[in-house]
2 protein chains.
Amino acid sequence: MNARKLVSRNSPGYTRAMLQRRRPPTIADVAREAGVSLQTVSRVVNQHPSVAQATRTRVNQVIDHLGYQRNPAARALVTGRSQTIGVMVSSTTLSGPSGVLLAIEPHARAAHYWLSVAGLAHHDAELVGPILQHFRQQGVDGIIVVAQTQAVLDAVMAQGPNLPLVFVSSGQVGGQFSRIDIDQRAGARMVMTMLHGLGHDRIAHIRGPVGDLHADARALGWAESLLGKANQVPHGHPLLALGDWSAMSGYQATLALLSRPERPSAIFAANDRMAIGALRALHDRGLSVPADMSVIGFDDIEGVDCAIPPLTTIPQDQSALGAKAMDLLNAAMAGLAPVDAWLEPNLLVRASVGVAH
Amino acid sequence: MNARKLVSRNSPGYTRAMLQRRRPPTIADVAREAGVSLQTVSRVVNQHPSVAQATRTRVNQVIDHLGYQRNPAARALVTGRSQTIGVMVSSTTLSGPSGVLLAIEPHARAAHYWLSVAGLAHHDAELVGPILQHFRQQGVDGIIVVAQTQAVLDAVMAQGPNLPLVFVSSGQVGGQFSRIDIDQRAGARMVMTMLHGLGHDRIAHIRGPVGDLHADARALGWAESLLGKANQVPHGHPLLALGDWSAMSGYQATLALLSRPERPSAIFAANDRMAIGALRALHDRGLSVPADMSVIGFDDIEGVDCAIPPLTTIPQDQSALGAKAMDLLNAAMAGLAPVDAWLEPNLLVRASVGVAH
DNA sequence: AGCATAATTGTGAACGCTCGCAAGCTGGTA
DNA sequence: TACCAGCTTGCGAGCGTTCACAATTATGCT
């Protein structure tokens, strides 16, 4: 009992399928060829247990023979699930957030989800609304938000998407959402601990933009190691300089630090690009690294293993982060309770650090 | 005449919709509320011209009031089009291909397409099949392939996806596909022209991996400028060294070049990372840049503006590339003839080059 | 006024799949 | 032999939308 016969029984004598436009085979074609009902084919395709082994085998053969592929639109229409997850990445830079995207993709595909990405170019909180709308329209089954600012987080939560959602972020999220990130603050403390161990006591920090969650966390790690307990970053501290993540800003910040009365013995830049700028500034001022000054970065971006000198830094294991984010989303989609977790960073020591002089 | 009433007329007395699970409003809800037929609502939603202005306004009001959003699955089922485009990026590195992805996204979203991404982590030709399959299953309307090797291109073409497809690549594609990329060979020639102008005649090249299309094109640009007309890269040339894109390989290659009898006066590395390695090797050997040796890179990755010294390079305008790729895909989906085009690169001169000594 | 034409609206079927339920078949037990 | 349980299979409806076509209403012209 083929769909086309059903059609021709009721309609004026032709169907769209009879015109030359050849549609791909459907479940009905498989059913007819295998001599079973639509429902049975559906069960085979969906791995439903109650199908006899012989039937299953025969249907699978027909499926292979016809090259049948199930139609996700039809499936989504009836189940209400799209097998798609939306990833919202707000980034002006390549290195960080988009690295997470690369890491999420293989895991999503392995779990038979399609990945829909949006919002890579900016990190305005204003774009959050349209992007969530975009995902909602698309009918995604879950969302991963990679956010660098609390404003973006808040905007997402304010929209209250009634969907499983995981944040990859260092910000504050309500108890109803999962959150995961590499522990930036712990990483900063590791840097400080190592420098202390080498005898450094005047450790300057070039922080990233205020309001950037990673910049804030790294600065806080620096502050609490430097000052004992600290709950916030001391603005205007003589060993603190402000950068904007760019190498040029690290260069400027370093020059500024060098001109202050108490010259630091080590410079901890909040990212590698600024650390590169620091290296150049020190070079321009005739200071040798690490003999005169130790320099440390953060992120381990491409090429810093060949900086002059090679840069000590904290690599970000984006791959682990992506895998974990996908895990958490799977859990959320299965209705499990939200999780709030940190991944531990590691320190990668290269030639740019030495004992305090 | 509401869908739910239709249901209860035929079925045993309850429907899924009557259970608490509240489904979002459908076109039928809008039609009933506005007192028009389903078809009229559909026309309004699809901007079909033949709807009276008054009707259109009223329907739109109801749509706003109910918060109606059209169901992409139902739409895709009947039209056979998913409003999704697949982007396949084969990359082991962040800088290049994924930059294109960032650039494509806003344009795709502006054109009301969803972006499905796949295959970021590797560039094996073996992954091409599964990924195209993935896209085909999903029913994408078009595909953008960002490919670094001819093998990937060939694998894609061999699969012959009967879909609009655009390559972002420097490889050879059949006349039936659109292709676009930044002209790497022209960029290399620009580098060489500038160096010649500065009096350099012994210009070494550290090339990227053989088989990588960008590496090949850049090496070819170098070769044809150095040797007059050249149709292929001269293997084993005394001024040629091989790298693998990594900074470390640039370092090694530079040491090798320095140990050869005819010392170059300038080093043109096929990417910035290898150029950074070259800078460090020269530094380690006590050679000054640009006084003793000029160094040039390619790509303008983050931070090289603060290399020691700042690196002359060829920026890659990924944003323009992404926009153009989306244009070409739109054209392909509209059934227009394929286009094969190059974008012109520019040279960004910084302190790492000087006159020949 | 009367008719042809255009503009607007409605009808029924179809897209390919999964859901709830019911019916058929097998084998074992009373 | 008769009956029940469990495994397998099939039936009919419905998911929300657009398509082709038909029907209606408004418009222009003689």
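Me: How can chain B be laid on chain A?
Reply: In this predicted model, a turn of 180° with a shift of 0.1 Å along the axis lays chain B on chain A, and the RMSD is then 0.2 Å. That is the relation of a two-fold axis.

Me: And how many residues does each chain bring to the contact?
Reply: Chain B gives 42 residues and chain A gives 41 residues.

Me: Which elements of chain B supply at least two residues each on the side that touches chain A?
Reply: They are α5 (72–79), α6 (97–110), β2 (114–118), α7 (128–138), α11 and α12 of chain B.

Me: What is that side made of, by class?
Reply: The side of chain B that touches chain A has 22 nonpolar, 14 polar and six charged residues.

Me: Why can one say that the copies meet through the same surface?
Reply: Of the interface residues of chain B, 98% are also interface residues in chain A, so the copies meet through the same surface.

Me: Back to α11 and α12 of chain B. How are those two helices placed?
Reply: Helix α11 (residues 247–258) and helix α12 (residues 272–284) of chain B have axes that come within 6 Å and cross at roughly 45°. The helices α11(B) and α12(B) are therefore oblique to each other. The crossing in which α11(B) passes α12(B) is right-handed.

Me: Which residues meet there?
Reply: From α11(B), the residues are Ala247(B), Met248(B), Ser249(B), Gly250(B), Tyr251(B), Ala253(B), Thr254(B) and Leu255(B). In α12(B) they meet Arg273(B), Met274(B), Ala275(B), Ile276(B), Gly277(B), Ala278(B), Arg280(B), Ala281(B) and Leu282(B). By class, the contact of α11(B) with α12(B) holds eleven nonpolar, four polar and two charged residues.

Me: What about α11 and α12 in chain A?
Reply: In chain A, helix α11 (residues 247–258) packs against helix α12 (residues 272–284) at an angle of about 45°, and their axes are 6 Å apart. It follows that α11(A) and α12(A) are oblique to each other, and α11(A) passes α12(A) in a right-handed crossing. Residues making this contact include Tyr251(A) and Leu255(A) of α11(A), along with Ile276(A) and Leu282(A) of α12(A). The contact of α11(A) with α12(A) divides into eleven nonpolar, four polar and two charged residues.

Me: New topic: what domains does the assignment give for chain A?
Reply: The domain assignment gives domain 1 (3–70), domain 2 (82–181 + 318–342) and domain 3 (184–306).

Me: How many residues do domain 2 and domain 3 of chain A put into their contact?
Reply: Domain 2 of chain A provides eight residues and domain 3 of chain A provides nine residues. On the side of domain 2 of chain A that touches domain 3 of chain A, there are no nonpolar, eight polar and no charged residues. The centres of domain 2 and domain 3 of chain A, taken over C-alpha atoms, are separated by 30 Å.

Me: Is the peptide bond from Ile308(A) to Pro309(A) cis or trans?
Reply: The bond from Ile308(A) to Pro309(A) is cis, with omega near -5°. Pro309(A) lies in the loop between β9 (294–296) and α13 (318–333) of chain A.

Me: What joins Ile308(B) and Pro309(B)?
Reply: Ile308(B) and Pro309(B) are joined by a cis peptide bond, and omega is about -5°. Pro309(B) is in the loop between β9 (294–296) and α13 (318–333) of chain B.

Me: One last item: is phi of His112(A) positive or negative?
Reply: Phi of His112(A) is positive, near 65°, in a residue other than glycine. His112(A) sits in the loop between α6 (97–110) and β2 (114–118) of chain A.

Notes
Residues are numbered from 1 along each chain as its sequence is written. Chains are lettered from A and ligands numbered from 1 in the order in which they are written. This is a predicted model: local features need pLDDT of at least 70, side-chain atom pairs count only at pLDDT 80 or more; totals for chains, interfaces and linings use all residues. Copies are superposed by least squares on the C-alpha atoms of residues with pLDDT of at least 70 in both. Two residues are in contact if their C-beta atoms, placed from the backbone, lie within 7 Å. Axes are lines fitted to C-alpha atoms, for helices over the stretch in contact, and angles run from 0 to 180 degrees between N-to-C directions. Helices (H or I, at least four residues) and strands (E, at least two) are DSSP runs, numbered from the N terminus. Angles under 35 degrees count as roughly parallel, over 145 as roughly antiparallel, 65 to 115 as roughly perpendicular and the rest as oblique. A crossing is left-handed if the near helix is turned anticlockwise from the far one by less than a right angle, and right-handed if clockwise. Ala, Val, Leu, Ile, Met, Phe, Trp, Tyr, Cys and Pro count as nonpolar, Asp, Glu, Lys and Arg as charged, and the others, Gly among them, as polar. Domain bounds come from an automatic or database domain assignment.
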